[in-house]
Amino acid sequence: MVPAASSIIGFILFAAAGLCPLFLSEFKVGLIGLGLTYGLFAIGLDLAWGRTGIVSIGQAVFFGLGTYGVAIALVRHGSAPFGAAIGIALAGILGAFIAAVGLRRVSNPSTMAVLTLATTLLAEKVARDWWSLTNGSSGLYVPPLTSTYFYYYVCFVATTGVVGLLWFFVLRRPLGNRLTAIRLNDRRAEHLGIPIFRERVVAFTLSAMVSAIAGCLSAPWMSSVSPDRVGILLSTQVLVWVAVGGRATLLGPFVGAVALTYGQDVLASSMGESYLLLLGVLFILSVLLIPNGIAGLFFTGPQLTDTTPVGGTLPPRPPLAGGDVLAAEAIVKRFAGNTVLDGVDLRIKPREIVCLIGPNGAGKTTLINVLSGAIDCDSGSVTLRGEHIERTPPDRRVAAGLARTFQVPSLFPGLTVAEHLILARQEAGMATPLPEAYARLEREHAGLRVEMLSLSDRRSLEIAMALCSRPDVLLLDEPAAGLARNDAGALAKTLRALRDHAGCAIVCVEHDMEIVRDLADRVVCLHHGRVISEGTMDHVSANAEVRRAYLGLV
């Protein structure tokens with residue numbers, strides 16, 4: 001659906017939510033009001049799961065901190081806003097702690113799912129056993145509302161305000177673009193200069209706090225707050241709301257929450273506990289048949305905000321006084337006891353083009369990964385412009401002047417060419433002019449999604465993104481792999497022109513000896529993780545060990 005029609009539908013739903021108290025009974029208004037606060041709860045989960053790709057199976061913990069904060073304050077004749085503030089603060093602290101532990105680079109993708117599941121099981125146990133504070137399984141009584149209609153509008157305004165703040169200060173800002181990039185391809189995002197650990201922690205902390213705000217608003221709708229408000233059942237239900245309504249959309253979580261909350265009341269009265277089975281079936285069908293949810297069927301458009309810097313340029317990096325722009329010394333890398341790099345030395349001078357050659361398994365891509373920070377070396381050092389970076393994460397290496405491409409083009413599925421360059425320029429902090437070959441790609445294919453591009457255009461787009469950061473060193477991993485002969489033949493000329501335009505050094509892993517001969521200022525041959533020869537192509541190809549190990553000659 002076109003964005004204009006999507007906006008109209010969104011406005012109609014917003015107006016219907018604002019006007020429903022004028023036409024519905026008090027009971028139905030209360031049910032929709034509860035669904036509205038549940039929708040905000042779902043927005044909190046969507047910020048982590050839908051926007052950033054962080055799986056949270058225990059989101060109800062944060063919601064429950066909000067509900068218990070308000071309920072405890074009301075029971076103890078305290079201030080409900082103060083209790084809400086405590087609950088929200090605790091949710092933020094807990095969310096930040098869980099994210100800091102579960103989202104480290106050494107963690108598995110399933111770590112957050114396990115951590116959040118364990119947290120919600122623990123929280124439910126604490127809520128049942130801490131009688132002096134929570135009244136155990138009986139729960140805490142919440143005084144009834146004096147005016148259902150008035151409180152509905154309180155929730156409507158508060159929910160609108162929270163969503164508006166998220167929209168204008170998170171989702172429509174660079175952070176929102178970064179979260180989308182991390183969800184689509186975290187490896188590419190990191191090597192574009194995005195600090196993925198920091199942004200994930202921020203996103204999950206905000207997710208926890210939004211869920212707690214929803215819990216604070218929900219408490220007055222309930223007759224009591226019991227341990228199930230922090231339990232696994234509610235955590236599962238909110239996953240269904242987001243999946244059915246539509247991930248990474250503003251209205252989707254509300255549509256899912258309101259529709260299923262309203263429907264649940266009808267189904268529970270007629271089906272009893274069996275409605276949970278229907279809920280599970282609905283979740284499975286929505287994932288299989290409408291993976292983008294109900295809202296995804298109607299709301300389409302750009303996934304990123306245009307945050308391209310306007311005007312101004314970053315100051316140039318100070319010129320080198322002499323020596324190497326990039327140097328690796330005595331690099332050792334082992335995998336499961338196998339030595340892949342065994343004391344490799346590599347020195348790159350400014351504006352030099354160096355090709356790495358060698359048989360499969362020689363350690364060429366591993367060396368590129370060590371230089372770019374994708375993996376850490378076991379020993380040795382890497383310096384960029386004289387500064388040690390061997391323990392520096394990839395995003396900081398990009399900022400220091402190092403960019404790379406991958407053997408298989410690593411891009412963001414579903415994004416257009418223009419959106420890829422928006423991300424690259426956003427992280428670079430400037431709109432760097434591209435060489436003509438890459439500027440033409442932007443002009444001719446700006447609106448195309450990357451899935452529609454040819455392999456050569458995808459490789460060109462990846463190089464164009466790398467150039468946006470004005471790198472001092474560009475690492476290319478087999479840029480000619482899979483290209484047609486005519487495309488591969490023009491590659492050397494294009495890369496030399498790129499070097500002259502951008503003024504950067506290029507380190508290129510390549511197997512095509514014709515390209516290497518036309519491209520390289522210097523050739524380095526690796527075999528069994530060691531450098532066995534380096535120099536001009538003629539010098540290296542004349543080396544007897546190289547001829548045996550790689551060229552197959554004697």
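Phenylalanine 62 and phenylalanine 204 are both buried. That's a handy way into this predicted model, where a search of the whole structure turns up nine aromatic pairs. Below are some of those rings, then two cysteines, a few strands, a helix and one isoleucine.

**Aromatic rings**

- Phenylalanine 14 and phenylalanine 156 make a tilted aromatic pair, with 5.1 Å from centre to centre and 40° between the planes.
- Phenylalanine 14 sits in helix α1 (residues 3-19) and phenylalanine 156 in helix α7 (residues 148-171), so this pair ties together parts of the chain 142 residues apart in sequence.
- The two rings don't share the same surroundings: phenylalanine 14 is partly exposed at 41% relative accessible area, while phenylalanine 156 is buried at 13%.
- Phenylalanine 62 and phenylalanine 204 pair edge-to-face, at 5.7 Å centre to centre and with 80° between the planes.
- That pair also links distant parts of the chain, with phenylalanine 62 in helix α3 (residues 60-75) and phenylalanine 204 in helix α10 (residues 196-218), 142 residues apart.
- Back at phenylalanine 14, there's a cluster to look at: Phe14, Tyr152, Tyr153 and Phe156 form one aromatic cluster.

**Arginines over a ring**

- Phenylalanine 406 has arginine 187 over its face, 3.9 Å from the ring centre.
- Arginine 404 also lies over the face of phenylalanine 406, at 4.0 Å from the ring centre.

**Cysteines**

- If you're looking for disulfides, the structure holds zero of them.
- The sulfur of cysteine 355 has its closest cysteine sulfur in cysteine 508, but the 4.6 Å between them is too far for a bond.
- For reference, a disulfide would need the two sulfur atoms within 2.5 Å.
- Both cysteines are tucked away: cysteine 355 is buried with a relative accessible area of 0%, and cysteine 508 is buried with 1%.

**Strand β11 and its partners**

- Strand β11 (residues 522-527) is mostly covered, with six of its six residues buried.
- Arg522, Val524 and Leu526 point one way from β11, whereas Val523, Cys525 and His527 point the other way, and all are buried.
- Strand β5 (residues 353-357) runs parallel to β11 and is joined to it by four bridges.
- One contact to find in that pairing is leucine 356, whose bridge partner in β11 is valine 524.
- Strand β12 (residues 530-535) pairs with β11 in the antiparallel sense, over five bridges.
- Valine 524 turns up here too, standing opposite glutamate 534 in β12.
- β11 and β12 make a hairpin with two residues between them, and histidine 528 in the turn has a positive phi of about 55°.

**A second hairpin**

- Strand β3 (residues 326-335) and strand β4 (residues 338-348) pair in the antiparallel sense over eight bridges.
- Within that pairing, lysine 333 has leucine 341 in β4 as its bridge partner.
- β3 and β4 form a hairpin with two residues between them, and alanine 336 in the turn takes a positive phi of about 50°.

**Helix α17**

- Helix α17 (residues 417-428) has twelve residues, which at 1.5 Å a residue should span 16 Å; its end C-alpha atoms are 17 Å apart, which agrees.
- This helix is mostly covered, with eleven of its twelve residues buried.
- Its buried residues include some with charged names you might not expect to look for inside, among them Glu419, Arg425 and Glu427.- The buried residues of α17 pack against α8 (174-184), α18 (436-445) and α19 (455-467).
- Just past the end of α17, glycine 429 takes a positive phi of about 80°.

**Isoleucine 294**

- Isoleucine 294 lies in helix α14 (residues 293-296) and counts as partly exposed, at 31% relative accessibility.
- Leaving out residues up to four places away in sequence, isoleucine 294 touches Val244, Gly245, Gly246 and Val255.
- Isoleucine 294 and alanine 243 are 51 residues apart in sequence, and their C-alpha atoms are 8.7 Å apart in space.

Conventions. Residues numbered from 1 in each chain as written. Predicted model: local features only at pLDDT ≥ 70, side-chain atom pairs only at ≥ 80, totals over all residues. Heavy atoms only, no water. Buried < 20%, exposed > 50% of the residue type's maximum accessible area, 1.4 Å probe, protein only. Phe/Tyr/Trp six-rings, centres within 6.5 Å; stacked < 30°, edge-to-face > 60°. Lys NZ or Arg CZ within 6 Å of the ring centre and 35° of its normal. Contact = heavy atoms within 4.5 Å. Pairing = 2+ DSSP bridges. Expected span 1.5 Å × (residues − 1).
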